[in-house]
Amino acid sequence: MKIGFIGAGQMAQALAKGFLRGDKSLSITASDVNSAARKQFQRQVPDARTVVDNLEVYSDSDLVFLAVKPQVVDAVFAQGPFPQSDTTLVSIVAGISLEKLMQLSGNKRCLRVMPNTPALVCQGALAIARNSNVPSEIYETTIALLKRVGTVVEVDEWQLDAVTGLSGSGPAYVLEFLEGLIDGGVKCGLPRPVARELAMQTLTGTIEMLREVGRHPAELRDQVTSPAGTTSHGLHELHAHGFRSSVIAAVESATRRAVELGNQ
């Protein structure tokens, strides 16, 4: 199978590396007007080929991933006309609807996927929206490829903006929280490397525990929250400063921004 990337940035590199893991039969080509991005893609994905021309990638691929910023999507397709072919276009661009993609590209075989940056280490959270114009075989093949870089869920297209606000932007929220845990430990006397190690393992261990037991997060939280204990005092401060409300508001704000990008 020939896979192309229009845009050779970090997410394109993550997907390409994951796709090739254990399957060297794939042929990958990436295009980018930025020479530094092309060189970085080549370093990260040595088996791939990089070019400048988007049309070359599009016309020579079975599956093309559109991996550019929302603001330049119009400019990408203005380079056309893109050839009519059996190529399937898979967009990972936030906010750009299937309807607009089909209009700009002239291709009815379009899919939308929202990945996130942990795909760099094959731990991504990815959502895909189906399009009835895409043959089932191609759709299933796309899902199989995406599973090489993380967990894949299927959603309706209108839900992708919320996916963007939650898991697309979510790593930044988690890292902000992680930084707060580390700084809190340092403030209370821990060496920074020790605080960092403890904070990271606390996050990963909690997630694995939650995944293994399969219970509601509140149940596990209550198990470690003794009356008048240390955890209850800490949680009180989080509640007093609107921690959960702030997280919800962050997801809502990022979701609104995804909608705005699609309407520009």
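This is a short talk about a pocket, a pair of helices and a few single residues in one structure. Please keep in mind throughout that the model is predicted.

Let me begin with the pocket. What I have in view is the second largest pocket, whose volume comes to about 850 Å³. Its lining is made up of 33 residues, and those that lie nearest the centre are Ala 67, Val 68, Lys 69, Pro 70 and Ile 92. If we sort the lining of this second largest pocket by class, we find 18 nonpolar residues, 12 polar ones and three charged ones. Several helices take part as well, since α1 (10–20), α4 (73–77), α7 (160–168) and α12 (243–263) each supply at least two residues of that lining. Which helix gives the most to the lining of the second largest pocket? That is α12, with four residues.

From the pocket I turn to helix packing. In general, two packed helices are described by the angle between their axes and the distance between the axes. Here the pair is α8, residues 170–187, and α9, residues 192–213, whose axes come within 8 Å and cross at roughly 135°. Because angles over 145 degrees count as roughly antiparallel and those from 65 to 115 as roughly perpendicular, this crossing falls into neither group, and α8 is therefore called oblique to α9. As for handedness, the crossing of α8 and α9 is right-handed.

Staying with α8 for a moment, I would point out Phe 177, which lies in that helix. Is Phe 177 buried, partly exposed or exposed? Its relative accessibility is 33%, and since buried means under 20% and exposed means over 50%, Phe 177 counts as partly exposed. Along the chain, Phe 177 and Ala 249 are 72 residues apart, while their C-alpha atoms are separated by 15 Å.

Finally, I would like to show you two residues for their backbone angles. Cys 122 is not a glycine, and yet it has a positive phi of about 60°; you will find Cys 122 in the loop between β6 (110–114) and β7 (124–129). The other residue is Ala 228, again something other than glycine, with a positive phi near 60°. Ala 228 sits in the loop between α10 (217–223) and α11 (230–240). With a relative accessible area of 69%, Ala 228 is exposed, because the cut-off for that word is over 50%.

Conventions
Residues are numbered from 1 along each chain as its sequence is written. This is a predicted model: local features need pLDDT of at least 70, side-chain atom pairs count only at pLDDT 80 or more; totals for chains, interfaces and linings use all residues. Side-chain values use heavy atoms; hydrogens and water are left out. Buried means under 20% relative accessible area, exposed over 50%, partly exposed in between (1.4 Å probe, protein chains only). On a 1 Å grid over the protein atoms alone, a cavity is a set of points where a 1.4 Å probe fits but cannot get out, and a pocket is an open set with protein on both sides within 12 Å along at least five of seven lines; lining residues have an atom within 4 Å of a point. Grid points are joined across faces, edges and corners, and a volume is the space filled by probe spheres set on the points. Ala, Val, Leu, Ile, Met, Phe, Trp, Tyr, Cys and Pro count as nonpolar, Asp, Glu, Lys and Arg as charged, and the others, Gly among them, as polar. Axes are lines fitted to C-alpha atoms, for helices over the stretch in contact, and angles run from 0 to 180 degrees between N-to-C directions. Angles under 35 degrees count as roughly parallel, over 145 as roughly antiparallel, 65 to 115 as roughly perpendicular and the rest as oblique. A crossing is left-handed if the near helix is turned anticlockwise from the far one by less than a right angle, and right-handed if clockwise.
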